[in-house]
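Thanks, everyone, for making time for this. I would like to walk you through one structure, taking it a few elements at a time, and I will leave questions for the end.

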Amino acid sequence: MTIEYILKSPTQFLDIERKDFEYLLNKQGQIDKVEGKLERCHRVCLVKLNGKSIGIGALKQVYKSPFKYAGAANFQDNYNYEIGYLFVDKEAIDKDSGSLGIGKYITRLLLNYIVKENVFATTENNNENPMYYILQSFGFKVLGSPYQGRTTNKNIVLMTLER
């Protein structure tokens, strides 16, 4: 089994990598439109298992609206980076292989790119959400109050990491 982590700027993505990113982002099902999302990222991680793209994550263009929705607008200027689009296609991984820690490794790569910067993320406030636990394991804390996602109508939390 070969796992490859590709971390680069969107302008460096090959056409096939771009298509794989958009396919996985669409499969994640958390946003309404995938077109143009790649170009608005600072850095993107694409994960391949035995040559097949199975995971993504990104340092996204920052929108400060989550701070307003969470009732924490007074903190928004402290953050210029957002981790998002974290997704691993579990259907593409052999059940006998387990989780492999791919989501956690993607997060580590992205955080290592911005070692001294504060960063935030938004994620579903759900006990079955792996991203919530991954973020906690890196020291992210919930800031403000949960709010309803506009696209998904799910209960969302703002999580921050102070550095």
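What follows is a short tour of a predicted model, beginning with a strand and moving on to the helices.

Let me start with strand β2, which runs over residues 41-49 and holds Arg 43. In sequence Arg 43 and Leu 59 are 16 residues apart, while their C-alpha atoms are 5.3 Å apart in space. Leu 59 is one of the residues that Arg 43 touches beyond four places in sequence, and that list also includes Leu 7, Gly 57, Leu 110 and Tyr 113. With Tyr 113 there is in addition a polar contact, side chain to side chain, at 3.2 Å.

Staying in β2, we come to Lys 48. What is the nearest side chain of opposite charge to this buried lysine? It is that of Asp 20, at 4.7 Å, and Lys 48 has no salt bridge. As for contacts, and leaving aside neighbours within four places in sequence, Lys 48 meets Thr 2, Ile 3, Glu 4, Ile 6 and Ser 53.

The loop between β2 and β3 contains Asn 50, whose phi is positive, near 50°, although the residue is not a glycine. Asn 50 counts as exposed because its relative accessibility is 53%, and the cut-off is over 50%. Tyr 85, in strand β4, likewise is not a glycine and has a positive phi, of about 60°, but Tyr 85 counts as buried, at 10% relative accessibility.

Turning to the helices, α3 has 12 residues, which at 1.5 Å a residue should span 16 Å, and the distance of 17 Å between its end C-alpha atoms agrees with that. Among the buried residues of α3 are Ile 102, Ile 106, Leu 109 and Leu 110, the last of which is also touched by Arg 43.

Finally, helix α4 covers residues 130-137, and within it Met 131, Tyr 132, Ile 134 and Leu 135 are buried. Viewed down the axis of α4, these buried residues fall within an arc of 165°, and therefore they line one face of the helix. The elements that cover them include α3, together with strands β4, β5, β6 and β7. At the N-terminal end α4 is capped by Asn 129, which has a side-chain oxygen 3.0 Å from the backbone nitrogen of Met 131. Just after the helix, Gly 139 adopts a positive phi of about 95°.

That is where I will stop, and I am happy to take questions.

Technical notes. Residues numbered from 1 in each chain as written. Predicted model: local features only at pLDDT ≥ 70, side-chain atom pairs only at ≥ 80, totals over all residues. Heavy atoms only, no water. Helix = DSSP H or I, 4+ residues; strand = E, 2+ residues; numbered from the N terminus. Contact = heavy atoms within 4.5 Å. Polar contact = N/O pair within 3.5 Å; in protein donor to acceptor, adjacent residues only side chain to side chain. Buried < 20%, exposed > 50% of the residue type's maximum accessible area, 1.4 Å probe, protein only. Arc of directions from axis to C-beta. Lys, Arg positive; Asp, Glu negative; His and termini not counted. Salt bridge = Lys/Arg side-chain N within 4 Å of Asp/Glu carboxyl O. Expected span 1.5 Å × (residues − 1).
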